[in-house]
Each structure stands twice: as C-alpha cells, then as structure tokens.
Amino acid sequence: MTTHRKRPEDLRSHRWYGVSDLRSFGHRSRSAQLGYSRSDYLGKPVIAIINTWSDINPCHGHFRQRAEEVKRGIWEAGGFPVEMPAITLSEPFQKPTTMLYRNLLAMETEELLRSYPADGAVLMGGCDKTTPALLMGAISMNLPAVFMPAGPMLRGDWRGRQLGSGSDVWKYWAEKRAGKLTDEAWEEIENGIARSQGHCMTMGTASTMTSAAEALGMTLPGAASIPAADSRHARMASATGRRAVDMVWEDLKPRDILTAASFDNAITTVLALGGSTNALVHLIAVARRAGVPLTLERFDFLSRRTPLVANVRPAGKFLMEDFYYAGGLRALMATVSDLLALDVKTVEGRTLGEALAGAEVFNADVIVPRERALVSSGSLAVLRGNLAPDGGVIKPAAAEARLLRHRGPAVVFENYNDMAARIDDPALRVTAESVIVLKHAGPQGAPGMPEWGQLPIPKKLLEQGVRDMLRISDARMSGTAYGACVLHVAPESWVGGPLALVHDGDVISLDVDARSLQLDVDDAELARRRAAWRRPAPHFTRGFGALYQEHITQADQGCDFDFLEGTAETPDPEIH
C-alpha cells in the first residue's frame, strides 16, 4: 500500500469539477440540476458504483437496496457516490449464454470508469460471469476498486429435503427422465429450489468466482460467503462503500494488489472449495488483464498439492448457507493457509495473513480438517493428448471412479441440436462403455461456449440404472454439475481442432492419473480427415457477435478478446 495520500487537487474528478473554465461550469451546473451542492462533491472522491441489477436477474434482485447501502458508506467516508448501471448477465435467462457477453460487460466497465469522472469504484456482481467481467474491466482501467459480492441465496426446500441450485436439478431431472419422479413432484421442486434473492447456493461458478475474488484480495475479508438475505450482507455493502473512499486517498489500485502469488492463492482456494471448472477460463482472463501470464499447467500443479476440504455440493453434502455458519471463506483459507502466500496485499489495506487472523472453523463437518479431506489432492486435472493438444479439463472428484481410466467407442453428435434430437432415440447405438462426444460447443462453435458439457445420458441407459458416462466436448459445464465430463477441449472443433475429426466408433482413451486424452486413430487417417474438413460459416455478420467471433481467444487463453489482454494503457479523455 502506498504511503502517499492524495490531495483533493490530485483527484481524477478534479479535472471535471475543480477547475475554473467553461467545461467545469457545465459539469457543476448539471450537478446542481441533479440536486447536488458543490460541497457534496467538490474535493471529494467520486466513487462509481457499477451496478448489474435488472428485473431479469434474480441473483442480483437485492442490488437496488444494496446500492443505497453502498452509497451510505461512501457518504459516511466523505466520498460522492455515483451509481452507474451496467449490462446484467443473468445466467438463467440470457441466451445463447452469458459467456458470449462477459467481455461486453468487461468493456463497459472499463469504459464507464474511463469516460466519467470516477476516482474509484465499487463493483456489484455475483451471478457467474459478472464477477470476472467486472474485475477484468476494473483491472484494465486500474482505478482503486473493490468488489462487492451478491451472496448466495438461502437453502432450497422440498418435502423436508434441502435442495441445492443446479446439482439437484440435474439429479432429479435424470430421475424424471428415468420415470421415477412424477410431474407433481417435479413442480414442487421447481417452486422450492430458489426461495430468496442471491446467486446459486451450491459451489457453482457464482460462489467459486466470488470466493476467488476474495482470495485475490479484491473484497473485504469474509464478504463472499455472507448469504444475500442476511442483514450482515447489508452492513458489508456499507463497509465496502466506506473502504472504496479510503482506497482512493491511498491510491491503492488493482494492479498494486494482483500478483502471480495472488492468483496462486485464488486457484488454491478454488481447489480447496471444489470449485467450478469455469474458474480456469475466468482466472486466466483476469490474470492476463493484470499482466500475469497464467496457464493451465499452473492449475494442474496446484491441484496436485491442494486438498478439497469444503463439504459443499456438488462435491460434498452441504450448501453455502451452512458454509457461512461454519466459518465461511476465511475459515477455509485458514485451514489451507500453509499453501497460501500470506504477505500479499488486499483491498482492506492489510495483508492476507492479517485478514485471516482469528478465523475459526465452527463446524468440522462442513469445512473438514485436512486429515478428513474429501479429496486429498487432484480434485481438478488438466488433460493433454492428440484430442486436446491445448488442453482439456476434468473434475475427477465429480466422476465415478471407474471412469477415470476408460477406453471406449465414440458416439458423436455434430452439434447441440443433433444431440437433442437423437440422445433418447431407442435406436441410438450406445452402451454404458461408450464415450459421448459433442462438437461445435466452444467459444466460436456454439457460439459463446455454453454450459452444455454435462451431456445427458441416453434415456435407455438411465432406465438401466446408468448415472455416469465419459463425455467429451469443447463446451463448459455449470459449476453445480457433476459427472465424468471432459470440458474446454482446445482448440475447439469449430476452428479445426482434433475434436472436429472424431467419427462414430473411434476409440477414445482417458487416463486421468497420466493426464492423457487420446484419440486412437493413426496419424495418416487423421491427416486424411483434416484435408477433407471445411470450416463452418460464421454465425454473425454484424454487431457485437461479429466483433466477438473475430477476436475471441480459445479456452486455454481465457476466452478474452485479443485486443483487450495485457496492461497497455488507454489515455484518459481530454476534457473539452
């Protein structure tokens, strides 16, 4: 943390408000039009509140009120709050996938902070892609910024059973397709699984990424675990606003906080949580915005030494509400503190080690001791081979053990619609030993790399009692999902990656211990198929989609836009 404190005339907003010229007259007179006096904003840090609330985002349904609580904290600390709505990325509703628009929110965040008189920012997000998007934009702009997580919703309930977002959807949908769940029961689950505002209360992508943000040092300590409906969440919002003001005076910026060690901390925390595989794509993108050259190999290296100690669905039994009452993320990080760099900075101004001081586990069934880890190491594995030369990923802990070393014939679907049309066809030539392959589900192929990776098990196999199979795609998978699913295969099939060359009946071999994924087809035959391959026509001819398909990188590179990576500066606008 810098020891130099800014003076009022050093504030970025001073260029808009504090000088005596015609432009500043216009800025001050329009502020008066909004009902503000000079004393409200002149010489005070202007804090942009980037709010991703909307009527169609239930994860952020409480953000209207939380923004007011953030403002209260900013006023209390002597700042001037300015709420700036940004595009909402509503995981349940936005199609084809919010991942298509993550970079749009990142761009909007960066440009809002650049083009307006902001001295610092509070970033309000939580639903899956909002967290990395807001961080990416704020890191690129590099003004003092603090992330305020949305918090998980309360536990679901059905007939005395606790329901978890996503995980129980997949579980009971499989039972319904197998004919073991009635329509009435299914509707009861529908009405009981999401009963408060907030994001998924399983260890899905939302809790994974807000926890990663805290582990990176970008939230107040303990912020990521608080349930959205808990009054402590409102108090955290005000504290976040107060801290944002102090960060401006201290000139504490994201790139002062985010180092290679910070990202190691975030990865280790995600692994200890049993977090979503989506973290690989997002953390690589966030790291590259900070100038940290993060690769897939780092995830695999850290996985080999990190125990999974959060007994939270889908890897475990409990839900995020239980996790918070058990001590929350601070307690979990303290459990693996010997694997963390404790001297890194945080937005609070203290080191991570200081932020974790006094953290305690209150329920050892939820945050388990290291000697009782759900998985001692290797809860995530990065695979290589001729089918995934640039990598693929699997969560071994989420798969049936028998499938972690498997060899079987491919059943190939050319795209999602092909799969949807044929997966339950009684004539489909498939057995429990088959390997289901989905093409054209990657960053460009889908488009947007949707969460299609938990490919459905054919109905006739479900009826026989089969609940897991080896499944391979260039898609992502919901963090709430489970199964022997190889994801993020790169390069993707749409651009001619080896996945594009797989035919029905080809034998595929997986060996998780060896980190190997092989297509057992000789090189000459693969060369013949490649010569015959033709790239599909682009999805978009205009608009954001055209920009996306021209500049999106592959999964192993974070799926960022190639022109947004790195730390090259964009100058502030001239005030004319």
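Helices (H or I, at least four residues) and strands (E, at least two) are DSSP runs, numbered from the N terminus. The model you are looking at is predicted: local features need pLDDT of at least 70, side-chain atom pairs count only at pLDDT 80 or more, and totals for chains, interfaces and linings use all residues. Residues are numbered from 1 along each chain as its sequence is written, and side-chain values use heavy atoms, leaving out hydrogens and water.

**Exercise 1. Describe helix H12 and the residue just after it.**

Step 1. Start with the span. H12 covers residues 260-273, which makes 14 residues. From first C-alpha to last it reaches 20 Å, close to the 20 Å expected at 1.5 Å a residue. (The expected span is 1.5 Å times one less than the number of residues.)

Step 2. Now look at burial. Buried means under 20% relative accessible area, exposed over 50%, and partly exposed in between (1.4 Å probe, protein chains only). By this rule 12 of the 14 residues of H12 are buried, so the helix is mostly covered. Among them are Phe263, Ile267, Val270 and Leu271.

Step 3. Move on past the end of the helix. Gly274, just after H12, has a positive phi of about 70 degrees.

**Exercise 2. Work out how helices H6 and H13 pack.**

Step 1. Two packed helices are described by the angle between their axes and the distance between the axes. Axes are lines fitted to C-alpha atoms, for helices over the stretch in contact, and angles run from 0 to 180 degrees between N-to-C directions.

Step 2. Read off the values. H6 (residues 130-141) and H13 (residues 278-289) pack at about 10 degrees, with axes 8 Å apart.

Step 3. Classify the angle. Under 35 degrees counts as roughly parallel, over 145 as roughly antiparallel, 65 to 115 as roughly perpendicular, and the rest as oblique. H6 and H13 are therefore roughly parallel to each other.

Step 4. Find the contacts, meaning heavy atoms within 4.5 Å. On the H6 side, Pro132, Leu135, Met136, Gly137, Ile139 and Ser140 take part, and they meet His282, Ala285, Val286 and Arg289 of H13. These contact residues divide into 6 nonpolar, 3 polar and 1 charged. (Ala, Val, Leu, Ile, Met, Phe, Trp, Tyr, Cys and Pro count as nonpolar, Asp, Glu, Lys and Arg as charged, and the others, Gly among them, as polar.)

**Exercise 3. Lay out the sheet that contains S1, and find the helices on it.**

Step 1. Two strands pair if DSSP finds at least two bridges between them. Here 4 strands form an open sheet in the order S2-S1-S3-S4, with parallel pairing.

Step 2. Find the edges. S2 (80-85) and S4 (145-149) each have a single partner strand, so one side of each is left without a neighbour in the sheet. Neighbouring strands are turned by 20 degrees against each other on average, direction ignored.

Step 3. Zoom in on one pair. S1 (residues 46-51) and S2 are joined in the parallel sense over 6 bridges, and Ile50 stands opposite Met84 in S2.

Step 4. Add the helices. H6 lies across S1, S3 (120-125) and S4, at about 165 degrees to S3. H10 (residues 231-250) also packs on the sheet, touching S1, S3 and S4, and its direction makes about 175 degrees with that of S4.

**Exercise 4. Follow strand S13 through its sheet.**

Step 1. The open sheet has 6 strands in the order S12-S11-S10-S9-S13-S14, and its pairing is mixed.

Step 2. Take the neighbours in turn. S9 (residues 405-413) is antiparallel to S13, with 5 bridges, and Arg407 stands opposite Ser509. S14 (residues 516-519) is antiparallel to S13 too, with 4 bridges, and there Ser509 stands opposite Gln518.

Step 3. Check the turn and the burial. S13 and S14 form a hairpin with 4 residues between them, where Arg515 has a positive phi of about 55 degrees. Since 4 of the 5 residues of S13 are buried, the strand is largely enclosed by the rest of the structure.

**Exercise 5. Locate two cis peptide bonds.**

Step 1. Most residues other than glycine have a negative phi, and most peptide bonds are trans.

Step 2. One cis bond joins Arg313 and Pro314, with omega about 10 degrees. Pro314 lies in the loop between H14 (296-303) and H15 (320-325).

Step 3. Another joins Ala490 and Pro491, with omega about -5 degrees. Pro491 is in the loop between S12 (485-486) and S13 (507-511).
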